[in-house]
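Here's a quick tour of one predicted model. Have the viewer open as you read.

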Amino acid sequence: MKRIGVLTSGGDSPGMNAAVRAVVRKAIFNNVEVYGIYYGYAGLISGDIKKLEIGDVGDIIHRGGTMLYTARCEEFKTEEGREKAVAQLKELGIEGLVVIGGDGSFRGAEKLSELGFPTIGVPGTIDNDIPGTDFTIGFDTALNTVIDAIDKIRDTATSHERTYVVEVMGRDAGDLALWAGLADGAESIIIPEEPFNMDKIVERLKRGHERGKKHSIIIVAEGVGSGPEFGKKIQDATSFETRVTVLGHIQRGGSPTGFDRVLASRLGGKAVEILLEGAAGQMVGIKNNKEYYQSISAALSEKRELDLELYRLSQELSI
């Protein structure tokens, strides 16, 4: 294999640039040309593709977002669209592809492999919701962004003796809410993977208030419901002054943490390594701090399991 492509797709996550850098430099180290595909699968279909040199990925390892940009692409979901994409790759002599993104991006990579085009997936999403890897690129940075925001919210919650509801991202995965809640000592953490009882949440708030607690933090994962709705229910049930913060897209931005930079470098390098060895339709991941790979179809058929031990611990510590 003498020529490969790389693209980022779906929602951006901090560390994607570090992964792109790793793919480009690992490939060039092995005397393989690399082509950057701009705007994800949309750019793949339209031919928005450019050869990348070592200098093109200089000074990006510390930057959030993605230098290759990203976009949603409905056309790629059709067989005709995917055939156009493969035709673009073949016209440029590109023999393999690395796709950096979340589950939707992985499904696209799987479809390309089914068409006979060797494709490797690298997990990049703040949600940490890809089965087959302990951590996804961007999760740690987003987690630290949430922790920093809640630390600041707690300061004002203390000053005004208020209850705060904080809505965080995560779609159908509660990892971001759970880890942030445990790290910040939240009184309640509401996640999609576990049923919640509003009466018990209210009871815990009242119990804390009776023993002199001046403020409380409740974290809600967006996959469960709306933060403002939870805030209204809590204020109506307790009469405690309640405020709501929806953190939104600030969770996706910012300079990636050291952990995410290293993870992205490891997984980007591993993706090139197995692609050059002849792998196709595989995803790279990390298990017990070791890089490994498995088929994308096998990974996506698994159910992503939340660490319920962490959830139980959070409940025990928030008495």
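## Helix α5

Helix α5 covers residues 139–160, and its 22 residues should span 32 Å at 1.5 Å a residue (the expected span is 1.5 Å times one less than the number of residues). The end C-alpha atoms sit 31 Å apart, which agrees. Helices here are DSSP runs of H or I with at least four residues, strands are E runs of at least two, and both are numbered from the N terminus.

Buried residues (under 20% relative accessible area, 1.4 Å probe, protein chains only) in α5 include Phe-139, Leu-143, Ile-147, Ile-150 and Arg-154. The buried residues of α5 pack against β6 (163–168), α6 (175–184), β8 (216–221), β9 (242–246) and α9. Just after α5, Glu-161 has a positive phi of about 55 degrees.

## The four-stranded sheet

Look next for an open sheet ordered β7-β8-β6-β9, with parallel pairing; strands pair if DSSP finds at least two bridges between them. At its edges, β7 (188–190) and β9 each have a single partner strand, so one side of each lacks a neighbour in the sheet.

Five bridges tie β6 to β9, and Val-165 has Val-244 in β9 as its bridge partner.

## Cores

The largest nonpolar core (buried Ala, Val, Leu, Ile, Met, Phe, Trp, Tyr and Cys joined through side-chain atoms within 4.5 Å) has 32 residues, with Ile-4, Val-6 and Met-67 among those with the most contacts inside it. Another core, of 28 residues, lies apart from it and includes Ile-126, Ile-147, Ile-219 and Leu-247.

## Fine print

Residues are numbered from 1 along each chain as its sequence is written. Local features need pLDDT of at least 70, side-chain atom pairs count only at pLDDT 80 or more, totals for chains, interfaces and linings use all residues, and side-chain values use heavy atoms, leaving out hydrogens and water.

Conventions. Buried < 20%, exposed > 50% of the residue type's maximum accessible area, 1.4 Å probe, protein only. Contact = heavy atoms within 4.5 Å.
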